[in-house]
Structure formats: structure tokens, C-alpha cells
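Work through the exercises below with the sequence and the 3D structure at hand. Each task is followed by a worked solution.

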Amino acid sequence: MAPTPARNTGTRVHVVSDVHGNARDLARAGEGADALICLGDLVLFLDYADHSRGIFPELFGVANADRIVELRTARRFAEAREFGAGLWAGVGGDRSKLIEGAVRKQYAELFAAFPTPTYATYGNVDVPPLWPEYARPGTTVLDGERVEIGGRVFGFVGGGLRSPMRTPYEISDEEYAAKIEAVGEVDVLCTHIPPQVPDLVYDTVARRFERGSRALLDAIRRTRPRYALFGHVHQPLARRMRIGATECVNVGHFASTGRPWVLEW
């Protein structure tokens with residue numbers, strides 16, 4: 001169902017995260033809103049719900065996708081890396097160029113679907129160096145930066161923390177904390193990953209704790225934004241939680257829901 005039209009007064013913002021290749025719904029995500037916010041993970045490397053979708057099965061087939069999902073879900077990450085390395089060894093051509101070509105194809109479609117204006121930051125599976133080539137006028141990319149929308153200040157911090165998954169845009173805890181510090185006090189704090197709270201970082205389907213940020217949690221307690229918005233955890237134990245004065249919201253796995261989260265004031 002399409003979002004309801006914006007009111008004649010006030011500001012309405014739609015927020016999405018974890019798009020993972022869903023360009024069709026992304027093209028409609030800004031309908032009725034004054035702006036769209038995207039919290040990253042545009043790329044679909046492997047769909048854990050449908051193993052036939054994504055870059056991995058395109059290159060190696062569904063049966064191999066089934067196997068690597070099985071290994072990762074069982075947290076057998078070393079075996080998963082070894083299995084993946086064996087698959088890549090059997091592929092002709094340069095690995096990085098093959099992946100880049102597939103990512104570029106997805107980015108061309110996804111960035112074309114962004115409405116104007118869109119404010120976006122990176123997810124942990126994104127490839128930041130490619131974004132300037134695809135972000136058109138009307139799309140503002142922010143990371144460790146602030147912007148004003150409808151009289152409120154929004155801060156953006158992209159990427160994820162280092163993990164056994166070894167996704168493309170994982171950074172150190174120190175670098176992430178520095179970006180949180182650079183954003184400072186804002187009305188709405190927008191990140192890809194959640195604060196380090198067990199109920200917010202546990203994925204009930206994958207049956208594992210994803211990496212959240214302690215620096216983000218400390219900043220929420222210290223600076224008390226109205227909202228802290230994030231994604232990353234597709235099926236969290238808790239989608240919403242108040243931490244002090246701040247409403248913390250997982251804005252959802254947009255790839256599966258196709259629905260933006262709505263913020264009005």
C-alpha cells in the first residue's frame with residue numbers, strides 16, 4: 001500500500017534501510033513525503049530468504065548459495081570463507097572486477113530510483129568509492145555529517161563495525177566513534193547499525209547477535225536526540241525502544257517490506 005499523501009502543513013520524511021536491490025519499491029518510497037532518508041545497504045550480494053537472488057547466486061548458482069548460507073547461519077565463518085575461496089578459484093577473470101561490475105549494475109538502477117530530495121548514508125555491504133558516480137543532483141550523501149530538514153537537524157553515520165562476515169564497508173570502533181563525535185548534538189541521529197543493546201542487535205531469524213555500536217549508545221545517552229534511526233538487523237528482537245529521552249527505531253528491512261518508516265512533525 002502506498003504511503004498516504006503529505007499534509008499541507010508540517011514536514012513528513014520517509015526513512016528506509018537495507019534496500020538490498022529492491023529498486024521497484026524504492027522508486028515509490030518517497031511518495032507523499034518532503035524527503036527520503038536511506039540508511040544504506042543498497043547492494044544485494046545474497047538474499048538469505050531467497051537464495052536465488054543476488055550477486056553470489058548469479059555467479060555460483062543457487063546450490064552453492066544454499067551451502068554458504070547454511071555455514072554462515074551456523075556461525076562456521078572459517079568454513080564459509082574456505083568454501084567461498086574454492087568457488088572463486090574456479091572462476092575465470094578478476095574477482096574484484098566481477099564483483100564491481102555486478103555492484104555497478106545494481107547501483108545504476110537503485111540510484112535512479114531515488115526521489116528528490118534524498119539524504120543517504122552507507123551500509124556495511126555498500127561500496128562508498130562508487131557512490132559519487134551514481135548519486136545524481138537531488139541525492140545528498142552524508143557520513144559523519146549533519147543536515148537540516150524542515151527545521152530539524154539530522155546527523156548521519158554510515159558503515160558497520162568489523163565482524164566475521166567481512167563485508168565491504170566495515171571500519172574500526174575508533175573510526176566509527178570519531179564519526180559519531182563529529183556529528184555532535186542533533187534532533188535525529190541516523191545510522192546504519194543500531195546502538196549496542198542486546199534486544200536491538202539480536203536477529204531472531206539468523207539467530208545471532210549483529211554488531212552494534214557502544215559509541216552510538218553512549219552518544220544517545222549523552223546528547224539525547226529525539227530519535228535514533230537505524231537498520232542493519234533484519235528481524236530484531238525489538239524494533240523500537242526508548243533510551244532515556246530518545247526513541248530508538250529500527251526502520252525495517254525495506255527489501256522485504258517495501259514500506260518506508262514515516263516521521264512527521
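**Exercise 1: a loop serine**

Ser172 sits in the loop between strand 8 (170–171) and helix 7; helices (H or I, at least four residues) and strands (E, at least two) are DSSP runs, numbered from the N terminus. The model is predicted: local features need pLDDT of at least 70, side-chain atom pairs count only at pLDDT 80 or more, and totals for chains, interfaces and linings use all residues. Residues are numbered from 1 along each chain as its sequence is written, and side-chain values use heavy atoms, with hydrogens and water left out.

Task: Is Ser172 buried or exposed, and which residues does Ser172 touch?

Solution. Step 1: the relative accessible area of Ser172 is 15%. Buried means under 20%, exposed over 50%, partly exposed in between (1.4 Å probe, protein chains only), so Ser172 is buried.
Step 2: not counting residues up to four places away in sequence, Ser172 touches Leu161 and Arg162; contact means heavy atoms within 4.5 Å.
Step 3: the Ser172 side chain reaches the backbone nitrogen of Glu175 at 3.1 Å.

**Exercise 2: the sheet**

Task: What is the strand order of the open sheet, and which strands lie at the edges?

Solution. Step 1: the 6 strands of the open sheet have the order 5-6-9-12-14-13, with mixed pairing. Two strands pair if DSSP finds at least two bridges between them.
Step 2: strand 5 (145–149) and strand 13 (240–243) are the edge strands, each pairing on one side only.
Step 3: strand 5 and strand 6 (residues 152–157) run antiparallel, joined by 5 bridges. Arg152 in strand 6 is the bridge partner of Ile149.

Definitions and conventions:
A polar contact is a pair of N or O atoms within 3.5 Å; within protein, one must be able to donate a hydrogen and the other to accept it, and residues adjacent in sequence count only if both atoms are side-chain atoms.
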